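Q: I'd like a close look at one part of this structure rather than a quick tour. Could you pick a pairing, start from a single residue in it, and then work outward to whatever surrounds it?

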Amino acid sequence: MTCYDMQYLQMNVNRTKQIASIVEKRRPLAEKIAAAVANLEKLSQALRDLEAHRQQILTQVDDVNSWGRLQEIDLSSIQSNIVAELQALAQLKQRFARNTLNIGVVGRARQGKSRLLQSLTGLTAGEIPDGDRQHCTGVRSTIHHNPSMDVYGEVWFHSERSFLDEVIAPYYEQLRLGAKPITLTEFTKSPLPPLPRELPGYAEPGAMYEHLGRYHTHADKYRHLLRSPSPQRISRSEIREYVAQDTTDGQRVFFNYLAVREVKIVCTFPHADVGQIALVDMPGLGDTGVGDAERLVKTLGNDVDVVLFVRMPKSSGDYWADVDVRLYDTARAALVDLPLELWSFMVLNRTDANSKNGDNSNNCQDLADTLAEKHLKVVDCVIANCADSVATNQVLDQILDYLAAHITTLDQQYATSCQERLNRLQQTVNLELEKAHKALAQVTTGDSWFPLFVELFEQLWNELTSGLEALLRHLKAQRNEQNIDFKQQVAAAIAACRQDTGIPELEQIEKRRDRTGGYPNAYYQYLHEIRAHLSQHFLALDVGLQRSLIRVKSQVADVLIHQGRLGGITPATGVEFLQEVAQQLPESLPTLRLGFQILAEFEISYRGLIQHRIRKHLDGLTPDETTLQLSKSPTAKEIFSNLKTLHAEAVYGCETALEDLLSEPSLAAFAIVEEFVDRILRAEGAKSEWRIFLEEVRAQVWQTEFTALGDRTRLRREWLEAIAQATAANQSNAMQFLN
């Protein structure tokens, strides 16, 4: 080994260690960003609550000055800024959480991008498709260097939902095809809507429509993959089937890529000691697939540290076209916080006279010389033959050296830009919260109402406890009695079972025997069908169970509305009343809130209470468990007789089982009401919480005894609490992720 070789190897080793150190130092920052994101989401929720209070107060405040000050508070703009910052922080966090430094390779179709990737990775057209005719690559691939692994791939598929939302819906929106399909079946089984005549343009919309037609026409070839787990590991020989649209000889027979979101390929790069890097291969742009540009922006913003633009000048003459400028501007939009000129390179693909493109050396130099004229600013413009592994690895050396030397500075610049915006946002929120704090003038509440409240509260407490205890005693006395609602529904279900048996006539049995190839086959099918037909009649038992529960809940609600005087806080009655009160009770009154939630949300159902107790009586209608097997020479009459007997036995068994359950709804009703009373009357602190709650709503409960003073006091208190919560979430230290 020469001295130069040793120096070169040592340089690579040092660079590899440097890149590994950069990756490792990024991770703690990702964790700090995650904490800032969580706090920003908390602030957003606090501001939403504050805005809800502001809107409520605006409809009730009668002071002109206060109304004017409330109108000046602008929280909607802040919420828009928070949404933008959350997206920016998500990108930043994803960047710092990666285990690799990622190099994105971008270019229009047929510019040599795939050849460049093949040269850099040692992979072939079997893994990185290339082609000289139509678009070849179908999905994004990330190629990871791992010197200790054989080549393999991992495939991430779209789910049916993400496929419809992210792939199909944009076509419907851009082509104005009407309502987007809600389900995959709706998309694949219904004809595509025609293109509207008034759609601007002609060729491009038509080409987009053909793209959509490809998804529609070939759905049966890929839809099974939308239900496949991800990631799915595949061998080297299978990779092309998932990333390409055609075979290596150009036959368009692959359709798996239509269901693929992303592919990861692991291989050993031929370049020694490249370290923890990955190459991100984007499908060639310039086709008319809807959403390609958006996916490029998302990928560059989230997953790329440096981008390589690949351009192959024509040997016959070439220039920087509008499509090149648009591609650059599209990439430039990926990161507003980091100028693209600091993290991008232009690779001009030089071809020789023996290539299909011919010798383009002069045109490569012409494009390099005119790069600045088009404002295509990059770190450097490199001319290299993308099919030459030596030349491309020299390019990779240059990129890796740049990353090792500058990525920390770029990270710092990117993160600082985000941090400074967060700091400005925090200051803006502070200003609005100061305005909010001064918006409502101090209300002089006085103390004259309190003695009256204490007296009225004691009266209400006595009446409420007496009413609920009386109802509970009544339900306890009836808990072992048959429930009339349920009993009526059981009788109706049994009658339906006997009237609508589903047992076939003899002629039907004969036809089934001919169709299935024998009486036993027909008999077993009928057993399943009659069991299913019989069991569906019992689903109606839910009606009786729900009617019984609604009656009991309404009885509780009546006591609360009348003896508890709570009818003034909501116009709702019955079950809806309980739900409304449960929603109105604040989290600061956990005992009351839990009690009302338990009762409001309590349900009894046929499936939960009854179904498992009667299913065993249907075993006789199950082929493997039936007690009536056919004779050696069966007939249609024998099948008819057996089915009739087994059906009658099943109905009788179910009826007997249900008779033993007729008191279950009464037992359940007593139990849930007793639990409710325990929670809201008997639990420790329950009376104190009632007192706090009724103090807040006293003007609604005792409308003639109190004026609107109580409402204003409550609104102001809630307003100040909402401001305090937003202020706590807006502390500057919670927004800091940089030291």
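A: Let's start with H144, whose bridge partner in β5 is V266. Keep in mind that this is a predicted model. H144 sits in strand β2, which covers residues 141-145, and β2 pairs with β5 in the parallel sense over five bridges.

What about the other neighbour of β2? There, β2 pairs with strand β6 (residues 277-281), this time in the antiparallel sense and over four bridges. A handy residue to click on for that side is T142, which stands opposite V280 in β6. So how enclosed is the strand? Four of the five residues of β2 are buried, so the rest of the structure largely encloses it.

Now follow β5 across to its other partner. Strand β3 (residues 152-157) runs antiparallel to β5 (residues 260-267), and six bridges join the two. If you want a landmark for that pairing, G153 of β3 has I265 of β5 as its bridge partner. As a reminder, strands of a sheet pair through backbone hydrogen bonds, in either a parallel or an antiparallel way.

Zoom out and these strands belong to something bigger: an open sheet of nine strands with mixed pairing, ordered β4-β3-β5-β2-β6-β1-β7-β8-β9. At its edges stand β4 and β9 (380-384); each has a single partner strand, so one side of each is left without a neighbour in the sheet. From one strand to the next, the twist averages 25 degrees.

A good place to pause is V105, which lies in strand β1 (residues 101-106). Is V105 buried or exposed? Its relative accessible area is 0%, so V105 counts as buried. Leaving out residues up to four places away in sequence, V105 touches K113, L116, L117, V280, D281, M282, L308 and V310. You've met one of those already: V280 is the β6 residue opposite T142. V105 also lies 6.2 Å from F309, C-alpha to C-alpha, although 204 residues separate the two in sequence.

Over by β7, β8 and β9 there's a helix to look at. The buried residues of α12 pack against β7 (306-311), β8 (344-349) and β9. Helix α12 spans residues 361-369, and those buried residues are N363, C364 and L367. Down the axis of α12 they fall within an arc of 105 degrees, so they line one face of the helix. N362 and D369 are exposed on the other side of α12. The spacing isn't a surprise: an α-helix has 3.6 residues a turn, so residues three or four places apart point the same way.

Helix α11 (residues 322-332) can be read in a similar fashion, with D324, L327, Y328 and A331 as its buried residues. Looking down the α11 axis, these fall within an arc of 100 degrees, so they line one face of the helix. D322, R326 and R332 are exposed on the other side of α11.

Back at the sheet's edge, have a look at the approach to β4. P231 is in the loop between α8 (219-222) and β4 (232-235). The peptide bond joining S230 and P231 is cis, with omega at about -5 degrees. That's worth a second glance, since most peptide bonds are trans and most residues other than glycine have a negative phi.

On the phi side, R176 has a positive value of about 55 degrees although it is not a glycine. R176 is found in the loop between α5 (160-174) and α6 (184-189), and with a relative accessible area of 48% it is partly exposed. R565 likewise has a positive phi of about 55 degrees without being a glycine. Its loop runs between α18 (541-562) and α19 (574-584), and R565 is partly exposed too, at 33% relative accessibility.

One last stop, further along the chain: helix α20 (residues 590-601) packs with helix α25 (residues 686-696) at an angle of about 95 degrees, their axes 8 Å apart. That makes the two helices roughly perpendicular. From α20, P590, T591, L592 and F596 make the contact, and from α25 it's A686, E689, W690 and F693. By type, the contact residues divide into six nonpolar, one polar and one charged.

Key: Residues numbered from 1 in each chain as written. Predicted model: local features only at pLDDT ≥ 70, side-chain atom pairs only at ≥ 80, totals over all residues. Heavy atoms only, no water. Buried < 20%, exposed > 50% of the residue type's maximum accessible area, 1.4 Å probe, protein only. Arc of directions from axis to C-beta. Pairing = 2+ DSSP bridges. Axes fitted to C-alpha atoms, helices over the stretch in contact; angles between N-to-C directions. Parallel < 35°, antiparallel > 145°, perpendicular 65-115°, else oblique. Contact = heavy atoms within 4.5 Å. Nonpolar A, V, L, I, M, F, W, Y, C, P; charged D, E, K, R; others polar.
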